[in-house]
Amino acid sequence: MRTLQASTSYSIGISSVGPPAPPTRHRHGIVAQGVVEPTEKSVEIMRKFSEQYARKSSTYFCVDKGVTSVVIKGLAEHKDTLGAPLCPCRHYDDKAAEAQQGFWNCPCVPMRERKECHCMLFLTPDNDFAGQEQTISMEEIKETTANM
Amino acid sequence: MQTSVFSFNAPPPSLPLNSSHSSLKTHQPNTLFFTSTITNRPSILSTQTLSRKLLCKPPAGKYVSDDYLVKKLSAKEVQELVKGDRNVPLILDFYATWCGPCILMAQELEMLAVEYENNAIIVKVDTDDEYEFARDMQVRGLPTLYFISPDPNKDAIRTEGLIPIQMMRDILENEM
C-alpha cells in the first residue's frame, strides 16, 4: 500500500515502508525543528497568488494573519512536493492522485463555485473572521510563522 | 453573533517534533554524550580522548512542549486510550501542520483543557504522521474532532472544521 507522508517522507514517489531515513537528508527547504519548511520561492508565488485571487474574488484575509500565513505556507509546501498547491486543510488517501485530479488544487472547486474556503484563506466580507485586507507581505508571513 | 478572535501570538502546538517512532531524530544522546571509559584520568590538555560528561538529560522529545496541555499522541497510544478504561470523555483532534484553522482549534482546545482539567482527556493526532489511522477514521476536512464518550453504548460525535468553543462545551455537557 502506498503511503505518502508529507512531513516525514523524503522520497517522492516511493512508498515509505522501510526504516526511516536519517535526519540529515535535505528535501526542498530547510528542516527546522522537525517541521519541513517550503522554499521561499514557492511561498512568494503562493503569496502573490493569494493576494491576486482575493482581489479577484472580492474576498478578504482573516483578521488573524497567522492563519493566512500558515495556509500560504501549506500551499507552498504542497507545490514543492506535489507540483500543485493542494489544499493543506484536508486529509487525502493519495495526495499525488488528488493533485493530478485537481478538485482540491487551490483555488479549489468549492471556492471557485461558492466562495467556500474552509482553510479560512479567502473569506467573504460577511464572515465573522474576515478582516479588511487583501494583502499580506512576506515579512508578515515570516513573523507569524516564526515559531513553527 | 459574538465570535471570539484568537490571537496568533501563542505558539502553535502543532509541531510534528520528535516522537518515539519518528524517523526524524533531532537528538541522539548516545552518540553525542558518552561516559568515559578511559581508566586513567584524562588531563585538561588532552583533546583526542576527552570524554564528555552528561551535563543534563537530553530532552525526550516525546511531547511538543511540556507547557501544552493537549498532547500529541501516536495512533497506537490513541487506540490504547480509546480501548482502555476511562470515566471521562475523550476528544481527539486530527490536524495537519500547515492547516490554518487547526491552529485556531488548537488554541481553543488548550483553553478547554484548562477549563475541564481532569474532567476530559484532550489529545491530538498529526494526520501527516499517522496517515493510516487518519484514513481509517475517515478524516477528510481538517480539523476534525472526535468526541468519544466514556459510555461504550454511546456513539462518538464527529465535527469537521473550526467550531466555537461553546459548541464543544455543549457536546461535552449534553452528549457525553
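Biologist: Which strands of chain B does helix H3 (residues 100-116) lie across?

Modeller: This is a predicted model, and in it helix H3 of chain B lies across strand S2 (90-95), strand S3 (121-126) and S4 of chain B. H3(B) runs at about 160° to S2(B).

Biologist: Which strands does helix H5 (residues 165-174) of chain B lie across, and at what angle does H5(B) run to S4(B)?

Modeller: Helix H5 of chain B lies across S2, S4 and S5 of chain B. The angle between H5(B) and S4(B) is about 20°.

Biologist: How many helices and strands does chain B have, and in what order do the elements run?

Modeller: Chain B has five helices and five strands. Read from the N terminus, the elements of chain B run α-β-α-β-α-β-α-β-β-α.

Biologist: How do I read the sheet itself?

Modeller: Start with the general idea. Strands of a sheet pair through backbone hydrogen bonds, and the pairing is either parallel or antiparallel. In chain B, five strands form an open sheet in the order S1-S3-S2-S4-S5, with mixed pairing. Strand S1 (71-72) and strand S5 (157-160) of chain B are the edges: each has a single partner strand, so one side of each has no neighbour in the sheet.

Biologist: Which pairs of strands run parallel, and which antiparallel?

Modeller: Take them one at a time. S1(B) and S3(B) run parallel and are joined by two bridges. S2(B) and S3(B) are also paired in the parallel sense, over six bridges. Strand S4 (residues 144-148) of chain B runs antiparallel to S5(B), with four bridges between them.

Biologist: Which residues can I look at to find these pairings in the structure?

Modeller: Use one bridge for each pair. For S1(B) with S3(B), look at Lys72(B), whose bridge partner in S3(B) is Lys124(B). For S2(B) with S3(B), Phe94(B) has Val125(B) as its bridge partner. For S4(B) with S5(B), go to Tyr146(B), whose bridge partner in S5(B) is Arg158(B).

Biologist: What kind of unit do S2(B), H3(B) and S3(B) make?

Modeller: S2(B), H3(B) and S3(B) make a right-handed β-α-β unit.

Biologist: How many of the residues of S3(B) are buried?

Modeller: Five of the six residues of S3(B) are buried, which leaves this strand mostly covered. For chain B as a whole, buried residues make up 45% of the 176 residues. The accessible surface of chain B is about 10,100 Å², and 52% of this surface belongs to carbon and sulfur atoms.

Biologist: What share of the contacts in chain B joins residues 24 or more positions apart?

Modeller: Among contacts in chain B with a separation of 6 or more, 70% are between residues 24 or more positions apart.

Biologist: Now the cysteines. How many disulfides does the structure hold over all chains?

Modeller: The general idea comes before the count. A disulfide is a covalent bond between the sulfur atoms of two cysteines. This structure holds two disulfides over all chains. One of them joins Cys89(A) to Cys119(A), with an S to S distance of 2.4 Å. That link is right-handed, with 130° about the S-S bond. Cys89(A) lies in the loop between helix H2 (65-82) and helix H3 (95-101) of chain A, and Cys119(A) in the loop between helix H4 (109-114) and helix H5 (138-144) of chain A, so the pair ties together parts 30 residues apart in sequence.

Biologist: Which cysteines form the disulfide in chain B?

Modeller: Cys99(B) and Cys102(B) form a disulfide, with their sulfur atoms 2.4 Å apart. The torsion about their S-S bond is about 80°, so this disulfide is right-handed.

Biologist: Are these chain B cysteines buried or exposed?

Modeller: Cys99(B) is buried, at 0% relative accessibility. Cys102(B) is buried as well, at 4% relative accessibility.

Biologist: Why does Cys117(A) have no bond to Cys119(A)?

Modeller: The sulfur of Cys117(A) is 5.0 Å from the closest cysteine sulfur, in Cys119(A), and that is too far for a bond. Cys117(A) still counts as buried, at 18% relative accessibility, because the cut-off is under 20%.

Biologist: Where is Lys73(A), and is Lys73(A) buried or exposed?

Modeller: Lys73(A) sits in helix H2 of chain A. Lys73(A) is buried, with a relative accessible area of 8%. Leaving aside residues up to four places away in sequence, Lys73(A) touches residues including Glu37(A), Ile141(A) and Trp98(B).

Key. Residues are numbered from 1 along each chain as its sequence is written. Chains are lettered from A and ligands numbered from 1 in the order in which they are written. This is a predicted model: local features need pLDDT of at least 70, side-chain atom pairs count only at pLDDT 80 or more; totals for chains, interfaces and linings use all residues. Side-chain values use heavy atoms; hydrogens and water are left out. Two strands pair if DSSP finds at least two bridges between them. Contact means heavy atoms within 4.5 Å. Axes are lines fitted to C-alpha atoms, for helices over the stretch in contact, and angles run from 0 to 180 degrees between N-to-C directions. Buried means under 20% relative accessible area, exposed over 50%, partly exposed in between (1.4 Å probe, protein chains only). Accessible areas come from the Shrake-Rupley method with a 1.4 Å probe; for residues, only the protein chains shown count as cover. A crossover is right-handed if, with the strands pointing away from the viewer, the path from the first strand over the helix to the second runs clockwise. A disulfide is a pair of cysteine sulfur atoms within 2.5 Å.
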